[in-house]
Structure formats: structure tokens, C-alpha cells
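Please read the following report alongside the sequence and the coordinates. It takes up a metal site, strand pairing, ring contacts and backbone geometry in turn.

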Amino acid sequence: MGQSIWEVYAVRYAHHHRMARENFLGGDVHDGPMPIDYFVWAVRCEGRVFVIDTGFDEAMALKRGRTIVHNVGAGLRAIGIDPAQVEDVLITHMHYDHCGNHALFPKARYHLQDREMFFSTGRCMCHPHLQFPFDEEDVVAMVRRVFHGRVVFHDGDEEIAPGLSLHRVGGHSMGLQMVRVNTRRGWVVLASDATHFYANIERGLAYPIVYNVADVLEGYKRAYALASSPGHVVPGHDPLVLERYPSAAPELKGWIARLD
Ligand SMILES: [Zn+2]
Ligand SMILES: [Zn+2]
């Protein structure tokens, strides 16, 4: 079967200043400023669109002390995607920065790993330390979508369209999944929080928010194995993504990159 060739976009929506030691489990001997960016992603092929993650809104930015640069809706509209018409959203995991903006995608089905729902609604959430990156309202909103027939559950690795597949990694969150997509330059892996920064995967060091360190490290191997080259793995939060890839249009520099 022929594989579809997809366009792939990284849409930056928020920013947060921090130090390098905050980005590595066990700290960083080379400490210094190491800010973090927040992205959603979109893939498109012959009119079919999948949005990957939904980001957070202004209220959540305020609550968590983050700064929204361009809201998610504006970013998607800038590349010709009307959020109100999106039919499929792939949720890499349910941390607050990946599954908010609840009203933005009224028509969408949400694709999620079984284990992420299990994790975010079960006994692990009794521990404040594990609960911290989740928001109660995000989790409740996802449960409501289940009752409205708007969640598609996945278990492990699944192809969801020709040249587009989901791959469960776990590690950072119990049901974290990556997205692999076929492009004109080969297989791109949207790692999301399977690696926050290039430095996490390159140095073999986990990010401090973690469910299972072994699965994080196995996830690094998996990401490299699924991608056409190490340079085809796109980290979930690295400002370098906007430097290493061309902008989708001259006026979108520093905002939206073209990853394919
Ligand atoms: Zn996360
Ligand atoms: Zn994240």
C-alpha cells in the first residue's frame, strides 16, 4: 500500500523561563538559563487534518505562571486550519499543557491511549507528586467526552491513517504516545514529551516529571528507531525546533515551523 505524504507543522503557543537544572532528573552540572517552549502540532494531507495536542488557555497560563505568546486557535488559523472544523485530535498525554482549550475543537474525536485514562483517573492521582502535571478540569472534560462518544481509545502502536501512526512509550506519563508521520523527507517522529529537549534524548537524561525512568530511556531508543534519522525526531518543548526548521511562511518566523 502506498503511504501518504503529510505536511507537518509545529505551532508554538507559550513560553516559560527556567534553569537547565529544572529540565533534567538529578539536575545539570552545566546549569544556566534553559527556557521551555510549548507547542501543538498539526499534520495535513489532501485536506485531511489531525491536530496533535490542544495546549492550554489563558486561564491555565495564569494559574501555572506560563506566558502565552499566540493562543492555539490563532496558530492553527495562521496555517489555514479552522479548529471548529477539526475532526481528529491526537492527545499524546493528559498533562495540563497538552489537553486544555476544551471549547476549541467542538467537532473533534480525541485519540488517547487506554493507559493514560487509567493513569489520570485512578489510584496514581491520589499522590500529589504524580497529580501535579494534571489538571482536574482537563481530566473531567476527557471523561465527559467518553460519555459523549468523542474518545477513540488506542492500546500500543496503531496506524490511524496511511503514513500516520501512534506509538505508546509511557515513561514520562503512563500512557504517553508519540506520533510517526511519513513526509517528503522521510519518517518524522513527533516525540512530544517522550523527549522535552534535544538534550534529553541526546544525553540519555530523563526530564524530572516521570512515571517510569526505564520506559523514558527505552522511549529514546524507540524514537530513534522509528525516525528516518536522529534529526527526524522532534522534541516536545525545545525552542531549538524553531531554529532548526524553516518557518511555515516568512511572517510566521519564531511562531510556526514546517517540519516536513
Ligand atoms: Zn508532559
Ligand atoms: Zn509537556
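The sections below describe a predicted model, beginning with the metal site.

## The zinc site

Four protein donors surround the zinc ion (ligand 2), namely Asp97 through OD, His98 through NE2, Asp193 through OD and His237 through NE2, and they lie 2.1 to 2.2 Å from the ion. Along the sequence these donor residues follow the spacing D-H-x94-D-x43-H. The 4 donor atoms subtend angles of 88 to 158° around the zinc ion (ligand 2), and the arrangement is therefore irregular; for four donors to count as tetrahedral, all angles would have to lie between 85 and 135 degrees.

The zinc ion (ligand 2) is 3.4 Å from the zinc ion (ligand 1), and Asp193 coordinates both of them. Distant parts of the chain are linked by the pair of His98 and His237, which are 139 residues apart: His98 belongs to the loop between S5 and S6, while His237 belongs to the loop between strand S12 (233–235) and helix H8 (241–244). His98 has a relative accessible area of 1% and is buried, and His237, at 2% relative accessibility, likewise counts as buried.

## Strands S5, S6 and S7

Strand S6 (109–113) follows strand S5 (88–90) after a loop that contains Asn101. S5 and S6 run parallel and are joined by 3 bridges, with Leu90 having His111 in S6 as its bridge partner. On pairing with strand S7 (residues 151–154), S6 again adopts the parallel sense, here over 4 bridges, and His111 stands opposite Val152 in S7. His111 thus has a place in both descriptions, as the bridge partner of Leu90 and as the residue opposite Val152. S6 is mostly covered, since 4 of its 5 residues are buried.

## The open sheet from S8 to S12

An open sheet is made of 5 strands in the order S8-S9-S10-S11-S12, and its pairing is mixed. Its edge strands are strand S8 (158–161) and S12, each of which pairs on one side only. On average, neighbouring strands in this sheet are turned by 25° against each other when direction is ignored.

At the S12 end of the order, strand S11 (residues 186–192) pairs with S12 in the parallel sense over 3 bridges, and Leu190 stands opposite Val234 in S12. The loop that holds His237 lies between S12 and helix H8, and His237 is one of the donors of the zinc ion (ligand 2).

## Aromatic pairs and charges over rings

A pair of aromatic rings is described by the distance of the centres and the angle of the planes. The structure holds 8 aromatic pairs. In one of them the ring centres of Trp6 and Phe50 are 5.9 Å apart and the planes stand at 65°, so the pair is edge-to-face. This pair links distant parts of the chain, with Trp6 in the segment before strand S1 (7–16) and Phe50 in strand S3 (residues 48–52), 44 residues apart. Both Trp6 and Phe50 are buried. For Phe39 and Trp41 the ring centres are 6.3 Å apart and the planes lie at 25°, so that pair is stacked; Phe39 and Trp41 are buried as well.

Ring pairs also join Tyr13, Tyr38, Phe56 and Tyr96 into a cluster. One member of this cluster, Tyr96, has Arg64 over its face, at 4.1 Å from the ring centre. In a separate contact, Arg203 lies over the face of Phe24, at 4.7 Å from the ring centre.

## Residues with positive phi

Which backbone angle is positive in Glu46, although Glu46 is not a glycine? The angle is phi, with a value of about 45°. Glu46 sits in the loop between strand S2 (36–45) and S3, and its relative accessibility of 81% means that it counts as exposed.

Asn101, which is not a glycine either, has a positive phi of about 55°. Its place is the loop between S5 and S6, the loop in which the zinc donor His98 is also found. Is Asn101 buried or exposed? With a relative accessible area of 14%, Asn101 is buried, whereas Glu46 counts as exposed.

Key. Residues numbered from 1 in each chain as written. Chains lettered and ligands numbered in written order. Predicted model: local features only at pLDDT ≥ 70, side-chain atom pairs only at ≥ 80, totals over all residues. Heavy atoms only, no water. Phe/Tyr/Trp six-rings, centres within 6.5 Å; stacked < 30°, edge-to-face > 60°. Helix = DSSP H or I, 4+ residues; strand = E, 2+ residues; numbered from the N terminus. Buried < 20%, exposed > 50% of the residue type's maximum accessible area, 1.4 Å probe, protein only. Lys NZ or Arg CZ within 6 Å of the ring centre and 35° of its normal. Donors = N, O, S within 2.8 Å, 3.2 Å for Na, K, Ca; no water. Tetrahedral: all angles 85-135°; square planar, octahedral: opposite > 155°, others 65-115°. Pairing = 2+ DSSP bridges. Axes fitted to C-alpha atoms, helices over the stretch in contact; angles between N-to-C directions.
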